Structure formats: structure tokens, C-alpha cells
Amino acid sequence: MLQFITNVNNTINGWVWGWPALILLGFTGVLMTCLTKWFQVSHFKYWISHTIGQIFGDKRVTQHTKDKTISQFQSLCTALAATVGTGNIVGVAGAIAVGGPGAVFWMWLIAFFGMMTNFSENVLGILYRRKNEEGEWCGGAMYYLRDGLGSKKNCKTIGAVLAVLFSVFCLLASFGIGNMSQVNSMVKNVNHAFGIPNIVVGVFLFFAVSLVIIGGLKRVAAFTEKLVPFMVILYLIGTIVIICMNITMVPAIFVSIFKGAFAMKSAVGGIVGAGIAQAMKMGMKRGVFSNEAGLGSSVMVHSSSNVIEPVKQGMWGIFEVFADTIVVCTLTALTLLSGGCVDLATGQLTAAGEEVGSSALMSYAFEQVFGKPGAMFVAIAILLFAYSTVLGWSHYGSKAFEYLFGTKAIFVYRVVFSAVVLAGSVMEAQLAWDISDTFNGLMMIPNLIGVLVLSPQVMRCTKNYVDRRIRKQEDINPMLSMFPDIQAEQEVRLKERLATLAANEDA
């Protein structure tokens, strides 16, 4: 049965992650970068100061809400909980093991343009969001496919069909990328470090996940805003210590990354161009697995924010990709490549790297510096990263389930999602990752179609925001929603907020 599942998955995976899909992913990022006039570069200081920079200066960013919405910081932490996971450790290690150090370069490149893909998804998510019967904001690719793409001439049916397909693929992906692969990495590393049987860890995780997600988004957000900053800072400190101890290797590591990215032959030989193709494909696949830009996933939690301006939430999307891939994945790669498990000259795994396997390369790197406690630290880091990812993805899957079956049926999804944790703890690692790759690709395609078709709305909304808030031009009506009733409601909120800001400045 497992062999049959593997064969079917390999066939689908070869199609959804073929070059046409990867080109579509890259093209979308490049297009949105150009249409927004390279916003991630031209307004770098602005979006940094108005996202992570505002956490310490504007209490509204972190202030808990009394209604069904969540704060902007909570939406970021829940999104980062889903993105900063095993992809940042095991995924990077897997990309390097198969594609060589050059895969890191392509991971950077897809993240650079992916910032604007994620930005665009979040802008569209806010523009097309609506409130459900319980007063919660509901947004995501399924809504801008149905109400955005579907509003185009002769596109109502295709918009509705793509919205359903995206929801189905997202639902399946929540069991793959958001559950089985994360749990599988957790139990393997805990077993390696502490010798605890996989099923025992699986049972513990089943209860740990159930207790949080049964409480819904508010409980997930409240938990992740405490867990995510702690785990990321702790992990970054560990990687920086190792990099500093091997600081003389850093120049050689960067040379290996850039040479490997454009190596005409793979590390084990083969036809001309195979090295570039392998590094590019693994870097792009693992990059998307890590930061999820293009999947349309994190927009579902960003849309639940109490934010008013679509572009403001879009900037949080830029920071999300920046933090996940440019910061965390880069430090992971530098730590791995300085740990002696990869031959920098050839790009191949050393004998020690082959022995421990790709899933434990980070444990090996930490163990070389800190001994057995280093491997334990990585196991705990992966446990926290993957646990937070499972929590974040439980929300994504629940929103897809809600779109398909209604608000009252969400409890059924949460029960099934918790049960799948046990399956992930006993599944073969490679199959878990392959299934995750497939589901990622399947939900990516309809989402990117929606982003491309609705790119003019993103461009207009971005220009509107830049003219009003950055260039300080007056007498420009804000673009806050595509629905007149919500637009009017949000305009009132925006005027009240701006008036409060002006009063505080005068004081």
C-alpha cells in the first residue's frame, strides 16, 4: 500500500513541481516586484520601521483585541509559527544534501522575489475578506479567487472552481506540510537525541496539539505570540555562536554557495547543466516549503488581523519571508556548512554527513561544538519549531474546511487534524516530505493564477498607500476593501485612528 501511495505521489509531484510550475512561481514574484516598483528595496527602511520596528513603539500592534480579530503581532507570530518550522532546519539540510551548497543561493533568490508574492497575497486577502457568522474575518486565496477572479467577465465559474480546488488542496496540505512532515521530523530528532520511542513522542504531541487548537484561533495566537519570539531568538543565538567559532570558514562557505549555484555539472558528475538544475530546483522547492510565499497559506491568518490598511498587512508579509528565509535559513545554512558535514570544494556530503543523514545534519553540526547537549538543543529546537508550525497550519486547514463545509463543522476538522499527528509519528520520513511537496505545489497553482489576474488591484492599492502615507499627498481616497459596505466601515475606522494619532502628536 505504501509503495502504491509513493508511486502515485511521485507522479503528481513530478508534474506540480516541474519547471513550468517553478517558472510560474518565479515569474509571479518578479512581476509583483516590478508592478510595485521594487517595494521591498525602495521602501526597505519604511516597511522595517512599520512592522518589527513598531512593536516597541505602537501598543496597537501588540494589543489584544476584545472581538474575534487578533492583533497584527499575533497574526505575524501565528504566520511565522507556520513558516518557521522544520523547513528552516531539516528542509535546508535536505536542500544542501541533494542540491549542494548552491541550493542556498536559489533559496535566497526565490525568497527575495517571494517577499512581493507574499505581500500581494496579503493585500488581496485584506481587500477581499469578509466576516463570518461569528464575527471573525475570513480571507485567503479562496475568497479572492471566488470574488476577485470570479468577478471578471465570463470567469464566475472558473473562479468558484479554483476557490474550491485551493481549499481542498490547502486542507490536504495542512495534513502534510502542516502536520505529518513536522511531526515526523520531531519524533526522529527526539529519538536520535534522547532515545525516546517515536510512538511515545507522537502520543505526547497528540495531546499537546489538541489542547491548543480546540480553543480556536484566539488560543493559537495567544500561545504562538509567546512561543515564536522565544524559540527563534534561542535558535539564532545557538547558530551565531557556532558561526562565530568557525568565522574563518565563512568566506569559503559563500564561495561554495555561489560556485555551486552555477556549477554546470552536479557534484557526482552527470550531463552539463545538471548541477544548476538540481541546485535551482531544490533551493526553490525548499525555499517555498520554508517561507510559503506563493502558497496562499499565511494570508488566511493575516486576514484575521485587526489591521485597516491592506498594504500595512502586506508589509508584515514581506517581513515574514525576510525573517524566515533571509535570516533563519541563512544562519542554518552557514552553521551546517561550517560543521564539517559538507565538503565545500565538491559540494558533496562528507563521510560523516552521509552517516548521519540529511535529517540529522544540524544535530551533527551542533554536536561538533557543544557535544551531546548540542544534539539535544537541536532536537528541542526542532520540537518547538515543528510544534508551532502544526499549530499555525491547524488554522489554515480549519479556514479551508470552513469555506467548504461551514463554520459549525470546524470542530470535526480539529479532531481529525489531531489524530493525524499520530500517523505522522510512524510514517517514513521521505514519504512524509514528498507528500508535503506535492500538496504545496497543488495549492500553489490556483493561488498564483489568482495573484496574477488580480495584480492590477495590488498595484493600485500599493500606489494609493504610497501616495497617501509615504508621499503625504492629500485628497486621495484610501483603498481598503473591494466591497462598498466594508470600505465605508473601514474608512470610518481609519479616520478615527488618524485623528487619534494627530491628537497624540499635538500633545
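This note walks through a predicted model, from the whole chain down to single residues.

1. Overall make-up. The protein has 507 residues, and 59% of them are buried. Its secondary structure consists of 23 helices and 2 strands. Contacts often link distant parts of the sequence. Of the contacts with a separation of 6 or more, 82% join residues 24 or more positions apart.

2. Surface. About 19,600 Å² of the protein is exposed. Carbon and sulfur atoms supply 67% of that area.

3. Confidence. The mean pLDDT is 80. A value of 70 or more is reached by 83% of the residues. One stretch to read with care is residues 267-273, where pLDDT stays under 50. For this stretch the model has 10 contacts beyond four places in sequence.

4. A nonpolar patch. Which residues form the nonpolar patch on the surface? They are Phe194, Ile196, Ile199, Val200, Val203, Phe207, Ile380, Leu422 and Val426. Together they have about 740 Å² of accessible area. Two elements, helix H11 (198-213) and helix H20 (410-426), each give two or more residues to the patch. H11 provides the largest share, with 4 residues. Phe207, one of the patch residues, is found in this helix.

5. Asn179, a polar side chain inside. Asn179 is found in helix H10, which covers residues 156-194. Is Asn179 buried or exposed? Its relative accessibility is 0%, so Asn179 counts as buried. Its side chain has a polar partner there: the backbone oxygen of Phe417, at 2.9 Å. Phe417 also appears among the wider contacts of Asn179. Leaving aside neighbours within four places in sequence, Asn179 touches Ser174, Val390, Phe417, Val420 and Val421.

6. Asn246, a buried loop residue. Asn246 is found in the loop between helix H12 (217-245) and helix H13 (250-261). The cut-off for buried is under 20% relative accessible area. Asn246 is at 19%, and therefore counts as buried. A polar atom of its side chain lies 3.0 Å from the backbone oxygen of Ile242. How far apart are the C-alpha atoms of Asn246 and Leu337? They are separated by 10.0 Å, although the two residues are 91 residues apart along the chain.

7. Lys37, positive phi in a loop. Lys37 is not a glycine, yet its phi is positive, at about 60 degrees. Where is Lys37 found? The residue is in the loop between helix H2 (19-35) and helix H3 (39-42). Lys37 has a relative accessible area of 61%, so this residue is exposed.

8. Asn154, another positive phi. Asn154 has a positive phi of about 65 degrees, and Asn154 is not a glycine either. This residue is found in the loop between helix H9 (141-146) and H10. At 75% relative accessibility, Asn154 counts as exposed.

9. Three asparagines to look at together. Asn179 is in helix H10, and it counts as buried at 0%. Asn246 is in a loop, and it counts as buried at 19%. Asn154 is in a loop too, but it counts as exposed at 75%. The two buried ones have backbone oxygens as partners: that of Phe417 for Asn179, and that of Ile242 for Asn246.

Methods: Residues numbered from 1 in each chain as written. Heavy atoms only, no water. Patch = residues over 30% accessible without salt bridge, like charges linked within 9 Å, V, L, I, M, F, W, Y side chains within 5 Å. Areas by Shrake-Rupley, 256 points an atom, 1.4 Å probe, with all protein chains shown as cover. Salt bridge = Lys/Arg side-chain N within 4 Å of Asp/Glu carboxyl O. Buried < 20%, exposed > 50% of the residue type's maximum accessible area, 1.4 Å probe, protein only. Polar contact = N/O pair within 3.5 Å; in protein donor to acceptor, adjacent residues only side chain to side chain. Contact = heavy atoms within 4.5 Å. pLDDT = per-residue confidence, 0-100.
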